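Student: I should like to examine how the terms used for this model are justified. May we go through them one at a time?

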Amino acid sequence: MPTITFITAEGKEHAVTAEIGRSVMEIALEKSIPGVVAECNGSAACATCHCYFDPAYADMIGAIGEHESDMLDFTASPRRPESRLSCQVRVADTLDGMTVRIPAMQ
């Protein structure tokens, strides 16, 4: 299983193993990673699972869809080029070693 490292807004690192095929949001909730709220439980309707993904993995996590891009316009923390909704990114072997930063506010 790939290892993903979540970094909270305070700088605390949480390296976790992630089951292939699950969303990064599901992994964060299962591992009790602080800061990933996921109020809509993964339906891309609230933007409270907004995270900053390691740009080195951009080609491996897939392109942002139009709906996800629209939702990212409503995040509580600033949208950046590496912003994604963690509910829309699926874990794959190629994501081993990826870092995901959690913004200060959701």
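Student: Which residue in β5 does F53 stand opposite?

Tutor: F53 stands opposite V100 in β5. This is a predicted model, in which local features need pLDDT of at least 70 and side-chain atom pairs count only at pLDDT 80 or more, while totals for chains, interfaces and linings use all residues. Residues are numbered from 1 along each chain as its sequence is written, and side-chain values use heavy atoms, with hydrogens and water left out.

Student: What makes β3 and β5 a pair of strands?

Tutor: Strands are DSSP runs of E with at least two residues, and helices are runs of H or I with at least four, numbered from the N terminus. Two strands pair if DSSP finds at least two bridges between them. Two bridges join β3 (residues 50–53) to β5 (residues 99–101), so the criterion of at least two is met. The two strands run antiparallel.

Student: What is the order of strands in the sheet?

Tutor: The open sheet of five strands has the order β2-β1-β5-β3-β4, with mixed pairing. Its edge strands are β2 (13–17) and β4 (83–85), each of which pairs on one side only.

Student: Why is H50 called buried?

Tutor: Buried means under 20% relative accessible area, exposed means over 50%, and partly exposed lies in between (1.4 Å probe, protein chains only). H50 has a relative accessible area of 0%, and therefore counts as buried. The place of H50 is in strand β3.

Student: Why is C46 called partly exposed?

Tutor: C46 has 22% relative accessibility, and so it counts as partly exposed. C46 lies in the loop between α1 and β3.

Student: How do you know that H50 makes a polar contact with S83?

Tutor: A polar contact is a pair of N or O atoms within 3.5 Å; within protein, one must be able to donate a hydrogen and the other to accept it, and residues adjacent in sequence count only if both atoms are side-chain atoms. The side chains of H50 and S83 make such a contact at 2.8 Å.

Student: Which residues touch the most other members of the largest nonpolar core?

Tutor: A nonpolar core is a set of buried Ala, Val, Leu, Ile, Met, Phe, Trp, Tyr and Cys residues joined through side-chain atoms within 4.5 Å. Of the 28 residues in the largest one, I4, F6, V24, F53, L85, M98 and V100 touch the most other members. The helix α1 gives the most to this core, with four residues.
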